[in-house]
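Work through the exercises below with the sequence and coordinates open. Each task is followed by a solution in steps.

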Amino acid sequence: MNKINIKLLKLLIENKGDYVSGEKISQELGVSRTTIWKHINKLRELGYQIDSLTRKGYSLIKSPQGMVAENIYLGLDTEVFGKEIRVYPSLDSTNTKAKELAADDYPTGTVIITEEQQQGKGRRGRGWYSPPGTGLWFSVLLRPDIAPNKAPFLTIISALAVSEGIKKVASSLVPVIKWPNDVLLAGKKVCGILSELNADLGMIKYAVTGIGINVNQTSFPAEIADIATSLKIEAGNEIDRTLLVQEIIVSFERYYLEMEAGHYDKLLGLWKKQLNIIGEQVIIYANEGITYEGNVLDVSSQGELIIKDKNGEINKFWAGDVSL
Ligand code: BTN
């Protein structure tokens with residue numbers, strides 16, 4: 001992230017509607033007029049509409065419509081997350097890109113966002129529908145200092161963060177978490193989460209948590225039309241994706257730091273409160289085609305579903321699709 005761009009943009013935003021003189025910018029940023037001019041042009045390339053008048057200076061007229069790293073970064077009050085933000089017009093998958101950046105030593109909390117995914121990945125080898133410009137498709141690269149058996153907490157805390165972020169940008173909405181990690185609105189899926197782990201010798205090298213949120217779609221392909229919804233459909237108005245991703249990153253970091261501090265019970269408690277499954281009769285489609293039917297007694301301290309079948313046998317599941 002270019003620090004001069006950020007500072008310059010901050011100054012222009014603070015003075016929106018007015019002109020800021022070249023002299024003032026030069027003093028505040030400690031750079032020459034030529035450098036300012038170069039960075040003004042860089043911001044224009046990023047889609048910022050900036051007016052310039054001789055003797056008056058520069059004025060921000062309009063910020064870009066799409067997702068722009070500088071814009072997201074500016075509103076972020078975080079310690080670790082989002083210090084590196086990469087926004088791409090199109091990617092195969094933000095999870096795949098995050099793994100590439102992991103190999104290049106990008107730091108924990110690096111955020112990768114794209115306007116569209118050509119091959120968005122869902123859980124259990126499925127795809128994820130990621131059309132351009134309307135959804136929020138992003139991944140966070142993490143290097144968590146936790147044991148691999150605590151990795152399900154990455155998904156638990158990201159679901160909590162998404163739910164919190166949604167409530168911040170659309171207060172009328174009531175998100176529910178569907179075990180293990182879908183977020184639903186009015187019984188339909190609005191968000192899916194795919195965490196991928198790279199672990200070796202009992203240590204997590206890195207993890208990638210990929211989050212897909214249907215934000216401003218107004219319709220879906222026939223295959224998912226009955227089960228998917230968007231924030232816009234449920235809230236009745238367009239949602240600002242920049243604001244949403246900022247809120248989620250802020251919450252995600254807060255829960256992440258709690259997780260690293262070992263506050264697992266607290267996080268589990270918060271997650272359980274939003275789960276729609278405890279006490280319900282369910283069918284679970286686990287790996288290798290195994291189907292299991294029973295009553296959900298609870299979730300374990302690792303986030304597994306504890307199910308009792310009609311013969312009284314108790315089983316635990318940590319992954320699978322559930323139908324209520
Ligand atoms: C699911 O099947 O519910 C999980 C869907 C996860 C989709 C997100 S979109 C951003 C990130 N990149 C991907 O390829 N997948 C995840």
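**Exercise 1: the hairpin**

Isoleucine 307 has asparagine 315 of β13 as its bridge partner. The model used here is predicted.

Task: State how many bridges join β12 to β13, and describe the turn of their hairpin.

Solution.
Step 1. Strand β12 covers residues 305–308 and runs antiparallel to β13, with four bridges joining them.
Step 2. The hairpin made by β12 and β13 has five residues between the two strands. In this turn, glycine 312 shows a positive phi of about 85 degrees.

**Exercise 2: the sheet**

Task: Give the strand order of the open sheet that contains β12, and find which strands stand at its edges.

Solution.
Step 1. The order is β13-β12-β11-β10-β14, five strands with antiparallel pairing.
Step 2. β13 (314–317) and β14 (321–323) each have a single partner strand, so they stand at the edges and one side of each lacks a neighbour in the sheet.
Step 3. From one strand to the next, the twist averages 45 degrees.
Step 4. At the β14 edge, three bridges connect this strand to β10 (residues 281–285), and the two run antiparallel. Isoleucine 283 is paired by a bridge with serine 323 in β14.

**Exercise 3: two listed binding-site residues**

Task: The unreviewed UniProt entry lists Ser93, Thr94, Asn95, Gln117 and Lys189 under "binding site". Decide whether glutamine 117 is buried or exposed, and classify lysine 189 in the same terms.

Solution.
Step 1. Glutamine 117 sits in the loop between β4 (110–114) and β5, whereas lysine 189 belongs to strand β8.
Step 2. A residue counts as buried with 20 or more other C-beta atoms within 10 Å, and as exposed with 12 or fewer.
Step 3. Glutamine 117 has 26 such atoms within 10 Å, and is therefore buried. Lysine 189 has 16 other C-beta atoms within 10 Å, so it is partly exposed.
Step 4. Beyond its neighbours within four places in sequence, glutamine 117 contacts Leu91, Asp92, Ser93, Thr94, Trp128, Ser130 and Trp137. With the corresponding neighbours left out, lysine 189 contacts Asp182, Leu184, Ile227 and Ala228.

**Exercise 4: the ligand shell**

Task: Which residues come nearest the ligand, and which elements each supply at least two residues of the shell?

Solution.
Step 1. There are 21 residues around the ligand, of which Ser93, Gly122, Gly192, Gly210 and Gly212 come nearest.
Step 2. At least two shell residues come from each of α5 (94–103), β5 (136–142), β8 (188–200) and β9 (203–213).
Step 3. By class, the shell holds eleven polar, six nonpolar and four charged residues.

Terms used
Residues numbered from 1 in each chain as written. Predicted model: local features only at pLDDT ≥ 70, side-chain atom pairs only at ≥ 80, totals over all residues. Pairing = 2+ DSSP bridges. Axes fitted to C-alpha atoms, helices over the stretch in contact; angles between N-to-C directions. Near = placed C-beta within 6 Å. Nonpolar A, V, L, I, M, F, W, Y, C, P; charged D, E, K, R; others polar. UniProt positions renumbered as here; feature names shortened; annotations may be inferred. Contact = placed C-beta atoms within 7 Å.
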